[in-house]
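Visitor: I am new to this structure and would like to be led through it slowly, with each term explained when it comes up. Could we begin with a look at it?

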Amino acid sequence: MRIHHLNLGSMREIESTYDLAPANAVCHALLVETADSLVLVETGLGTDDVARPGELLDPDWVALVEPSLTPAETAVQQIAALGHDPADVRHIVLTHLDVDHSGGLPDFPQAEVHLMAAELDAALAEGPSLRYRTGHWAHGPRWVTYADGGSPWFGFDGAHELTGLRDILLVPLGGHSRGHAGVAVRDGDRWLLHAGDAYFYHRELSRTAPESHPLFDIVQLRSQVDAELRLANQARLRELPEEVTVVSAHDPWELAQRLPSRT
């Protein structure tokens, strides 16, 4: 198994709260090469978003995050640049269906799309909205949903092994959205957990002095559906053992530490 870390959509430039250089917020995604297919974790902003932002994206969201809308940052172009056929993406795993996580779905119409059932229910009930853009699933994705239940995973309850996949789990991390989840990928004797929007800034996971980011907080606090649950899940993330590496969706300094791709 090989894991690539990708940025599927640069957004407005932000400053760090200490001595790191300013950087553009990102849409951090994973491309996982398995023995027989490609698995895309998150889809960022897609080709339709880039070509027709006025149709696909909410104008208030665009004004807030200032997406670059660069064709070369879409998943299909980055996968092709790595030497793969985008049609080989047979599975997509989503932390949730927010606009900047689901925009690339139409670019992979034959892929099975794995997510929590509560998230799909919320998106279908609430969209179109600032966060849920119904054009991202108007093509009729091949949804594979997971309800309550599952098994414990490093202190989290209800983790699901994904249908048709090995060594990739959905781990409920509620609070940001109704069915928000992390995606855990076994990497040899370690795990990589993509925690989506369970946190926005790497210093939030400090065990000694957690610190949020004032600009990311604007998005984080306005979009959360359950603050108590979100904070409780952040606390659990801080207690994960050393064999679990955690990444989030939008922190550019965190993504920079993961580039280039690794095996």
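Visitor: Which residue has its backbone nitrogen 2.7 Å from a polar atom of the side chain of Glu 254?
Guide: This is a predicted model, in which local features need pLDDT of at least 70 and side-chain atom pairs count only at pLDDT 80 or more, while totals for chains, interfaces and linings use all residues. Residues are numbered from 1 along each chain as its sequence is written, and side-chain values use heavy atoms, with hydrogens and water left out. Glu 254 lies in helix H9, where helices (H or I, at least four residues) and strands (E, at least two) are DSSP runs numbered from the N terminus. The backbone nitrogen found 2.7 Å from a polar atom of the Glu 254 side chain is that of Ser 248.

Visitor: How far from Glu 254 is the nearest side chain of opposite charge?
Guide: In this count Lys and Arg are positive and Asp and Glu negative, with His and the chain ends not counted. Glu 254 is buried (under 20% relative accessible area, whereas exposed is over 50% and partly exposed in between, with a 1.4 Å probe and protein chains only). Glu 254 nevertheless has no salt bridge, a term for a side-chain nitrogen of Lys or Arg within 4 Å of a carboxyl oxygen of Asp or Glu. The nearest side chain of opposite charge belongs to Arg 258, at a distance of 6.4 Å.

Visitor: Which residue offers a backbone oxygen 2.7 Å from a polar atom of the side chain of Thr 74?
Guide: Thr 74 is found in the loop between helix H3 (59–65) and helix H4 (75–81), and it counts as buried because its relative accessibility is 1%. Leaving out residues up to four places away in sequence, Thr 74 touches Leu 8, Leu 45, Gly 46, Thr 47 and Val 50, where contact means heavy atoms within 4.5 Å. The backbone oxygen that lies 2.7 Å from a polar atom of the Thr 74 side chain is that of Pro 71.

Visitor: How many residues apart are Trp 153 and Trp 191, which form an aromatic pair?
Guide: Rings of Phe, Tyr and Trp (its six-membered ring) pair if their centres lie within 6.5 Å, with planes under 30 degrees apart counted as stacked, over 60 as edge-to-face and the rest as tilted, and by this rule there are four aromatic pairs. Trp 153 and Trp 191 form one that is edge-to-face, at 5.6 Å centre to centre and with 85 degrees between the planes. Trp 153 belongs to strand S9 (residues 151–153) and Trp 191 to strand S13 (residues 190–194), so that the pair links distant parts of the chain, 38 residues apart.

Visitor: Are Trp 153 and Trp 191 buried or exposed?
Guide: The two residues belong to one aromatic cluster, in which Phe 154 also takes part. Trp 153 and Trp 191 are both buried.

Visitor: Why is the pair of Tyr 201 and Trp 253 edge-to-face?
Guide: Both Tyr 201 and Trp 253 are buried. Their ring centres are 5.9 Å apart, and the pair is edge-to-face because the planes stand at 70 degrees.

Visitor: Which residue forms a salt bridge with Arg 203?
Guide: Arg 203 also lies over the face of Tyr 18, at 4.0 Å from the ring centre; a charge sits over a ring if NZ of Lys or CZ of Arg is within 6 Å of the ring centre and within 35 degrees of the ring normal. Arg 203 counts as partly exposed at 27% relative accessibility. The closest N and O atoms of its salt bridge are 2.7 Å apart, and the partner is Glu 211.

Visitor: How many residues apart in sequence are the parts tied together by Asp 167 and Arg 186?
Guide: Asp 167 forms a salt bridge with Arg 186, the closest N and O atoms being 3.1 Å apart. Asp 167 lies in the loop between strand S10 (156–161) and strand S11 (168–172) and Arg 186 in strand S12 (residues 181–187), so the parts tied together are apart in sequence by 19 residues.

Visitor: Which residues are linked with Arg 52 in a network of salt bridges?
Guide: The structure holds seven salt bridges, and in one of them Glu 55 meets Arg 52, with the closest N and O atoms 2.8 Å apart. Glu 55 is exposed, with a relative accessible area of 53%, whereas Arg 52 counts as partly exposed at 34%. The residues linked with Arg 52 in the network are Asp 48 and Glu 55.

Technical notes: A polar contact is a pair of N or O atoms within 3.5 Å; within protein, one must be able to donate a hydrogen and the other to accept it, and residues adjacent in sequence count only if both atoms are side-chain atoms.
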